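Student: I have just opened a structure that is new to me. Could you walk me through it, one question at a time?

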Amino acid sequence: MRIFDPHIHMTSRTTDDYEAMHAAGVRAVVEPSFWLGQPRTSPASFLGYFDSLLGWEPFRAAQHGIAHHCALALNPKEANDPRCAGVLDELPRYLLKDHVVAVGEIGYDSMTPAEDTALAAQLQLAAAHALPALVHTPHRDKLAGLRRTLDVVRESALPLDRVLLDHLNETTVQEAKDAGCWLGFSVYPDTKMDETRMIEILRVYGPEKVLVNSAADWGRSDPLKTRRVADLMLAEGFGEDDVDLVLWRNPVSFYGLSGRLTLEVTSPDPTHEGNSILRGGE
């Protein structure tokens, strides 16, 4: 079984997670930039983070046979902090990088005017750089957030079929599907979706343009949720082709819209900027 986790925050995970993911069949990931928990206070703190997503994390992933790409953006939560607004001026030069396969996560957290501005600006950046967009739908008041998101996308230069609407659930999937967007579902231990609910959505709406992710981060989350969904799909009567479509071909198709997706993992260099990963090793 081959698995592509299209939304996972490996910056927050350990080497053990990479090992377990590879053993479970994960061969590719996309890591969107997100809120790190501790509020950032300037654009410079974002730029160091972006550099790590373009250098250090691909190096770590390659040690375990996993292809790593990223999506870069000013995330919705921190879009509300005026100290971080300068990130939007810095993004264009980062969106030219080879391993950047989307603009994201963008979207809404609290649906504020500042979030409106950041979302609209970054959809335009995605269109200008011929990149798709990974859009975070809010955790609260989800249907209103989805509708507001779709309104802003429709006003932008980015076509709806180049947008992945993530963190969907039973209340938002129909309208997202009707709009022609790609459909993203985050499967969590306690919040968002779980495996059983995910299977029911696949039964009702089908596997086309559906992407399942773990969104694993610094909170209580599980980087093997993609494999758990795949196993339950098989146990509940879905075929191996359905599993491969949802867990591999759909994310490949979506991020392939960037023209930059490379799934081959080459032998990594011995070190990344002098660090071998092995503490104290040569």
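Tutor: Happily! Let us begin with a term we will need: two residues are in contact when heavy atoms of theirs lie within 4.5 Å. Also keep in mind that this is a predicted model.

Student: With that in hand, which residues does Leu72 touch, not counting residues up to four places away in sequence?
Tutor: Leu72 is one of the residues with the most contacts inside the largest nonpolar core. Leaving out residues up to four places away in sequence, Leu72 touches Ser33, Phe50, Leu53, Leu54, Leu91, Tyr94, Leu95, Val100, Ala102, Val103 and Gly104.

Student: How many residues does the largest nonpolar core have?
Tutor: Besides Leu72, the residues with the most contacts inside this core include Phe50, Leu165, Phe185, Met198 and Met233. The core as a whole has 72 residues.

Student: And which helix gives the most to this core?
Tutor: The helix in question covers residues 43-54. It gives 6 residues to the core, and it is helix 2.

Student: How many residues are in the other core, the one with Val30 and Ala71?
Tutor: That core lies apart from the largest one. Leu134 and Leu211 are also among its members. Its residues number 15.

Student: Let me step back to the whole protein. How many helices and strands does the secondary structure come to?
Tutor: Both kinds of element are present. The count is 10 helices and 8 strands.

Student: Why is the protein said to be as compact as a globular protein of its length?
Tutor: For 282 residues the globule rule gives 19 Å. The protein comes close to that value, so it is as compact as a globular protein of that length. Its own radius of gyration is 18 Å.

Student: What percentage of the residues count as buried?
Tutor: A residue is buried when its relative accessible area is under 20%. Of the 282 residues, the share that counts as buried is 54%.

Student: What share of the accessible surface belongs to carbon and sulfur atoms?
Tutor: The accessible surface of the protein comes to about 11,600 Å². The part belonging to carbon and sulfur atoms is 50%.

Student: How far apart do the centres of the positive and negative side chains lie?
Tutor: The protein has 27 positive side chains and 41 negative ones. Taking the centre of each set, the separation is 1 Å.

Student: Now for single residues. Is Tyr255 buried or exposed?
Tutor: Tyr255 is found in helix 10, residues 240-256. Among its contacts beyond four places in sequence are Phe4, Pro6, Val30 and Leu261. Because its relative accessible area is 0%, and the limit is under 20%, Tyr255 is buried.

Student: How far apart in space are Tyr255 and Ala102, C-alpha to C-alpha?
Tutor: In sequence these two are 153 residues apart. They are also in contact. Their C-alpha to C-alpha distance is 6.9 Å.

Student: What separates the C-alpha atoms of Arg60 and Tyr18 in space?
Tutor: Arg60 is found in helix 3, residues 56-62, and is buried at a relative accessible area of 8%. Along the chain, Arg60 and Tyr18 are 42 residues apart. In space, their C-alpha atoms are separated by 8.3 Å.

Student: How far apart in space are Glu19 and Thr112?
Tutor: Glu19 is found in helix 1, residues 15-24, and is partly exposed, with a relative accessible area of 44%. Glu19 and Thr112 are 93 residues apart in sequence. From C-alpha to C-alpha, the distance is 40 Å.

Student: Which residues does the cis peptide bond with omega of about -5° join?
Tutor: One partner lies in strand 4, residues 100-107, and is Glu105. The two residues joined by this bond are Gly104 and Glu105.

Student: What is phi of His167 near?
Tutor: His167 has its place in the loop between strand 6 and helix 7, and at 5% relative accessibility it counts as buried. Its phi is positive, in a residue other than glycine. The value is near 60°.

Student: Which residues is Thr172 in contact with, leaving aside its neighbours within four places in sequence?
Tutor: Thr172 lies in the loop between strand 6 and helix 7. It is buried, with a relative accessible area of 1%. Its contacts are Lys142, Leu143 and Leu146.

How values were computed. Residues numbered from 1 in each chain as written. Predicted model: local features only at pLDDT ≥ 70, side-chain atom pairs only at ≥ 80, totals over all residues. Heavy atoms only, no water. Helix = DSSP H or I, 4+ residues; strand = E, 2+ residues; numbered from the N terminus. Buried < 20%, exposed > 50% of the residue type's maximum accessible area, 1.4 Å probe, protein only. Core = buried A, V, L, I, M, F, W, Y, C linked by side-chain atoms within 4.5 Å. Rg over C-alpha atoms; globule rule 2.2 N^0.38 Å. Areas by Shrake-Rupley, 256 points an atom, 1.4 Å probe, with all protein chains shown as cover. Lys, Arg positive; Asp, Glu negative; His and termini not counted. Charge placed at Lys NZ, Arg CZ, Asp CG, Glu CD.
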